[in-house]
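These are my notebook entries on a structure that I have not examined before. I record what I looked up, one topic at a time.

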Amino acid sequence: MRQLQEINRRAPFGMKIFGTFFAIIAVGAIALYLILNMTLDMNFQEFSKQNSQLHIQGMVSLFKQHYAQHRGWHALEQLRVEVSNVYGSLGDNFILADTSGTVLMASDETLVGQTLAPSVLSQGSSIFFRGQQGQQGRQGPQGQQNQQVGTLLSEATLGRRTNLETDFLSSVDRAILLAGIIAGMVALLLGVLLVRQMTRPLRQLGNAMLSIADGEKQQQIEIRSADALGQIGEAFNKMNHKLDHSEKLRQHFLADITHELRTPLTILQGDLYALQTNVYEPTVETFASLYEESLRMGRLVEDLRNLSLAEAGKLSIEKQPTDFVRLLNQVVETLKPLLKKKNINLVIDLPQELIIDLDPDRTTQVLWNLLKNASHYTPPNGQISIGVTSEVSQVQVEISDTGPGIAADELPYVFDRFWRADKVRGQKSGGTGLGLAIAKQLIVAQDGQIWVQSELKQGTTFVFSLPINHA
Ligand code: ADP
């Protein structure tokens with residue numbers, strides 16, 4: 001647990017995800033706020049311009065009337081009062097410029113005297129006065145000409161805002177900001193929950209790994225989703241299960257080796273002690289028995305060495321073109337005395353000659369292990385059949401016997417190290433329980449396959465196939 005705290009302190013993974021989440025939300029919220037603000041500002045300005053322009057158009061007649069009354073832009077203070085009387089606070093947003101663009105009057109007095117650019121002036125509403133013949137301007141009714149005497153504009157044309165507009169905009173601004181903050185907080189809260197949910201399997205995984213490192217077993221983690229994290233959890237559970245299985249196998253293997261070595265060793269020690277204390281006569285039979293036990297120990301050690309080399313993939317395989325029929329016949333010849341002794345009928349179905357690229361020594365050992373088992377487990381007067389079928393890409397060898405067979409529930413373990421059927425366990429078979437495990441490793445090392453078919457009381461058939469490499 002101390003280690004886990006250390007890891008948590010050094011790599012707060014949840015905090016990293018949360019930090020990323022926070023940064024994304026913050027950047028998103030700020031970008032949204034700025035875009036909304038900019039869009040609102042632009043659209044509002046346009047709206048305000050058009051709206052005040054309409055309003056200004058309505059005011060033009062009042063200004064025109066005043067001009068006509070005073071024959072020019074005189075008594076402007078009176079005009080301001082008139083505007084205020086007629087339009088109230090709505091009239092608090094205008095600029096009156098003469099034809100040269102000089103501001104004569106404006107709701108904002110600081111503008112008076114300033115000269116407006118023609119581009120600004122063109123956005124305003126022209127004030128025309130019906131003047132005398134000969135004067136410049138548009139032709140009006142009754143032969144008189146309409147002469148422009150000024151321009152009326154709204155302050156919005158200069159990009160200015162009224163107090164009302166500024167208040168409205170800042171209240172909208174505040175509302176957007178508030179909505180952003182609330183949405184951000186909700187998103188953060190959801191983020192916290194999501195991050196907790198997402199990192200839970202990782203925390204579990206970390207805890208389980210540390211527990212395994214501390215030597216605890218069976219650390220299975222709960223899978224709650226089928227996503228990538230769920231798959232990692234599933235892979236971890238599988239790996240852990242395998243680790244556990246391998247550990248059990250290793251322990252069994254050690255226990256089995258100890259057990260297998262102890263039996264001949266105890267016999268040897270007992271016999272030697274009996275000889276030393278003159279309980280046994282030092283006869284040829286006694287020495288033969290001692291020799292037999294020492295041979296058995298030697299076989300076991302050799303089998304173990306071969307098996308561990310094969311399992312580690314370190315067994316050298318030296319393939320060469322070999323006459324498989326000759327190889328098989330040699331093994332059969334060695335077994336013939338035993339077969340004869342038990343009166344076992346041997347049926348062989350072989351082609352004349354079959355040259356295959358294989359390791360002759362390793363294949364001889366496989367054949368020996370299988371045929372020795374068949375002759376051992378087949379009762380007297382039984383039968384052993386050997387069949388070889390050669391196909392395009394592989395050769396298949398079948399060795400069947402009329403022995404006791406193997407129970408269906410035991411078949412999956414037949415090729416396990418030290419496995420023996422319950423019935424024969426404890427019997428003095430002379431075998432090491434490693435023969436089939438070795439045979440399997442030797443066949444697999446030559447890229448072949450081996451399997452078994454059996455039924456209790458019906459006999460057993462071991463089949464193996466080896467690839468034929470065409471040059
Ligand atoms: P062993 O040295 O004990 O024969 P093997 O690995 O060769 O070890 O075989 C493992 C076990 O498989 C045997 O103990 C026996 O129970 C079973 N077995 C192997 N071959 C046969 C067979 N032909 N018929 C019945 N059982 C067999």
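**Entry 1. The sheet.** Before describing a sheet I fix one term: two strands pair if DSSP finds at least two bridges between them. I also note that the model is a predicted one.

With that term in hand, I looked up the strand order of an open sheet of 5 strands and found 7-9-10-12-11, with mixed pairing. Its edges are strand 7 (345-349) and strand 11, each of which pairs on one side only. From one strand to the next the twist averages 10°.

**Entry 2. The pairings within the sheet.** I began at strand 7, which pairs with strand 9 (residues 383-390) in the parallel sense over 5 bridges. Here Val347 stands opposite Ser385 of strand 9. Helix 9 (residues 360-377) packs on the sheet and touches strand 9, strand 10 (394-401) and strand 12 (459-467). The direction of helix 9 makes about 20° with that of strand 10.

I then turned to strand 10 and strand 12, which run antiparallel and are joined by 8 bridges. Glu398 has Val463 in strand 12 as its bridge partner. Strand 12 also pairs with strand 11, in the antiparallel sense and over 7 bridges. In that pairing I found Val452 opposite Phe462 of strand 12. The hairpin of strand 11 and strand 12 has 3 residues between the strands, and in this hairpin Lys457 takes a positive phi near 65°.

**Entry 3. Helix 10.** How many of the residues of helix 10 are buried? I count 9 of 11, and I note the helix as mostly covered. The buried residues are Gly435, Leu436, Ala437, Ile438, Ala439, Lys440, Gln441, Leu442 and Ile443. I next asked what covers these buried residues of helix 10. The cover includes helix 7, helix 9, strand 11 and strand 12.

**Entry 4. Helix 10 against helix 7.** The axes of helix 7 (residues 284-311) and helix 10 (residues 435-445) come within 9 Å and cross at roughly 35°. I recorded this crossing as left-handed. Helix 7 contributes Asp303, Asn306, Leu307, Ala310 and Glu311 to the contact, while helix 10 contributes Ala437, Ile438, Gln441, Leu442 and Ala445. Sorted by class, the contact has 6 nonpolar, 2 polar and 2 charged residues.

I looked up Ile438 on its own as well. Apart from neighbours within four places in sequence, Ile438 is in contact with Asp303, Asn306, Leu307, Ala310 and Asn369.

**Entry 5. Helix 10 against helix 9.** Helix 9 and helix 10 pack at an angle of about 145°, and their axes are 9 Å apart. Helix 9 passes helix 10 in a left-handed crossing. On the side of helix 9, I listed Arg362, Gln365, Val366, Asn369, Leu370 and Asn373; they meet Gly435, Leu436, Ile438, Ala439, Leu442 and Ile443 of helix 10. By class, this contact has 7 nonpolar, 4 polar and 1 charged residues.

**Entry 6. The nonpolar cores.** Which members of the largest nonpolar core touch the most other members? The core has 29 residues, and the ones I sought are Val366, Leu370, Ile399, Ile438, Ala439 and Phe464. At least two residues of this core come from each of helix 7, helix 8 (324-341), strand 8 (355-358), helix 9, strand 9, strand 10, helix 10 and strand 12. I also found a second, separate core of 16 residues, which includes Phe94, Leu96, Val103 and Met105.

**Entry 7. The hairpin of strand 1 and strand 2.** Strand 1 (residues 95-97) pairs with strand 2 (residues 103-106) in the antiparallel sense over 3 bridges. Leu96 has Met105 in strand 2 as its bridge partner. The hairpin has 5 residues between the strands, and in it Gly101 takes a positive phi near 95°.

**Entry 8. After helix 10.** Gln446 lies in the loop between helix 10 and strand 11 (449-455). Is Gln446 buried or partly exposed? Gln446 counts as partly exposed because it has 19 C-beta neighbours inside 10 Å, whereas a buried residue needs 20 or more. Leaving aside neighbours within four places in sequence, I found Gln446 in contact with Ile317, Leu358, Asp359, Arg362 and Leu466. Gln446 and Ile406 are 40 residues apart in sequence and 26 Å apart in space, C-alpha to C-alpha. I closed with Asp447, which follows helix 10 and has a positive phi, near 65°.

Methods
Residues are numbered from 1 along each chain as its sequence is written. This is a predicted model: local features need pLDDT of at least 70, side-chain atom pairs count only at pLDDT 80 or more; totals for chains, interfaces and linings use all residues. Axes are lines fitted to C-alpha atoms, for helices over the stretch in contact, and angles run from 0 to 180 degrees between N-to-C directions. Helices (H or I, at least four residues) and strands (E, at least two) are DSSP runs, numbered from the N terminus. A crossing is left-handed if the near helix is turned anticlockwise from the far one by less than a right angle, and right-handed if clockwise. Two residues are in contact if their C-beta atoms, placed from the backbone, lie within 7 Å. Ala, Val, Leu, Ile, Met, Phe, Trp, Tyr, Cys and Pro count as nonpolar, Asp, Glu, Lys and Arg as charged, and the others, Gly among them, as polar. A residue is buried if 20 or more other C-beta atoms lie within 10 Å of its own, exposed if 12 or fewer, and partly exposed in between; C-beta atoms are placed from the backbone. A nonpolar core is a set of buried Ala, Val, Leu, Ile, Met, Phe, Trp, Tyr and Cys residues joined through C-beta atoms within 7 Å.
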